[in-house]
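Trainee: I have just opened this entry and would love some help finding my way around. Could we go through it together?

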Amino acid sequence: MALHAVSPAAVSSPLRALSRSLPQRPGCGCLPKQSASIYSNFARLQAGSVDFVGRPLALRHLDKRAVLTHATIEEIEAEKSVIEEQAKEKMEKAIETVQTNFNTVRTGRANPAMLDRIEVEYYGTPVNLKSIAQISTPDATSLLIQPYDKSSLKLIEKTIVAANLGVTPSNDGEVIRVTVPPLTSDRRKELAKTVAKLAEDGKVAIRNIRRDAIKAYDKLQKEKKLSEDNVKDLSADLQKVTDGYMKKIESIQKQKEEELMKI
């Protein structure tokens with residue numbers, strides 16, 4: 001990338017020639033006032049401070065890609081709004097996923113959400129259990145599954161057993177009853193570890209979303225739409241948002257662990 005500027009070496013020779021050609025006052029060895037002014041401007045040009053008419057000298061890159069355009073406050077806020085809102089939307093979905101996964105971890109009480117992740121091979125196609133059967137809780141320790149198609153009873157029963165949920169399904173030819181046994185101390189500890197792992201997965205997802213948003217800011221900086229300071233400020237704001245979602249995960253994790261420990 002070439003900068004167009006006049007170097008001292010390029011002007012020193014013409015300056016000497018000019019000084020010799022300008023008229024001088026007899027006996028004083030000095031230049032006339034007008035000539036001195038001209039010489040002064042050229043001398044300042046040699047120092048790189050003015051242009052040929054005495055105005056401040058501004059060096060420019062001819063390559064337009066090198067010109068830095070400073071974003072206005074409104075433009076910065078607009079970029080922040082788009083990127084940050086997209087990040088928040090994705091983080092909300094990550095929280096929902098964590099909550100859904102927590103619901104599948106059974107506690108001491110029967111809950112239809114325990115079967116949320118059960119998929120049945122129905123006529124060769126995997127479908128969610130809730131889409132082919134009605135699930136209810138007749139009491140605190142059992143679930144009642146009533147398929148819309150009774151021919152799928154055995155298939156549903158087999159799928160629940162294979163899911164290893166720690167429950168016992170019973171098929172009477174009409175409905176499937178699932179008995180939820182009380183949790184032992186060891187089982188509660190195992191499930192607490194499962195909850196911790198699901199929470200950490202959620203935090204990793206949040207961090208990845210933050211990383212992608214930072215990359216979007218960095219891209220705008222490379223495109224000269226944001227300055228380095230802009231990116232630092234926006235990244236700091238994004239970190240505050242990220243911290244908030246991390247606390248949400250910790251909160252629902254604590255709530256789930258408390259449910260597990262209830263006898």
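Mentor: Happily; we will talk about confidence and then about one helix and a lysine in it.

Trainee: What is the mean pLDDT of the protein?

Mentor: This is a predicted model, so confidence is a good place to begin. Of the residues, 73% reach 70 or more. Over residues 1-15, however, the pLDDT is below 50, and it stays under 50 over residues 25-68 as well. For the protein, the mean pLDDT is 79.

Trainee: How far does α3 reach from its first C-alpha to its last?

Mentor: Helix α3 covers residues 73-103, and it has 31 residues. At 1.5 Å a residue, 45 Å is expected. The model comes close to that, with a reach of 44 Å.

Trainee: Is Lys80 buried or exposed?

Mentor: Lys80 sits in helix α3. The cut-off for buried is under 20% relative accessible area. Because Lys80 has a relative accessibility of 16%, it counts as buried.

Trainee: Which side chain does the side chain of Lys80 join in a polar contact of 3.0 Å?

Mentor: Leave aside the neighbours within four places in sequence, and Lys80 is in contact with Glu85, Tyr217, Leu234 and Asp237. From that group, the side-chain partner in the 3.0 Å polar contact is Asp237.

Trainee: Which helices are included in what covers the buried residues of α3?

Mentor: The buried residues of α3 include Ile76, Lys80, Ile83 and Ala87. One helix in their cover spans 185-222 and another spans 228-261. These helices are α5 and α6.

Definitions and conventions. Residues are numbered from 1 along each chain as its sequence is written. This is a predicted model: local features need pLDDT of at least 70, side-chain atom pairs count only at pLDDT 80 or more; totals for chains, interfaces and linings use all residues. Side-chain values use heavy atoms; hydrogens and water are left out. pLDDT is the predictor's confidence in each residue, from 0 to 100. Contact means heavy atoms within 4.5 Å. Helices (H or I, at least four residues) and strands (E, at least two) are DSSP runs, numbered from the N terminus. Buried means under 20% relative accessible area, exposed over 50%, partly exposed in between (1.4 Å probe, protein chains only). A polar contact is a pair of N or O atoms within 3.5 Å; within protein, one must be able to donate a hydrogen and the other to accept it, and residues adjacent in sequence count only if both atoms are side-chain atoms. The expected span of a helix is 1.5 Å times one less than its number of residues.
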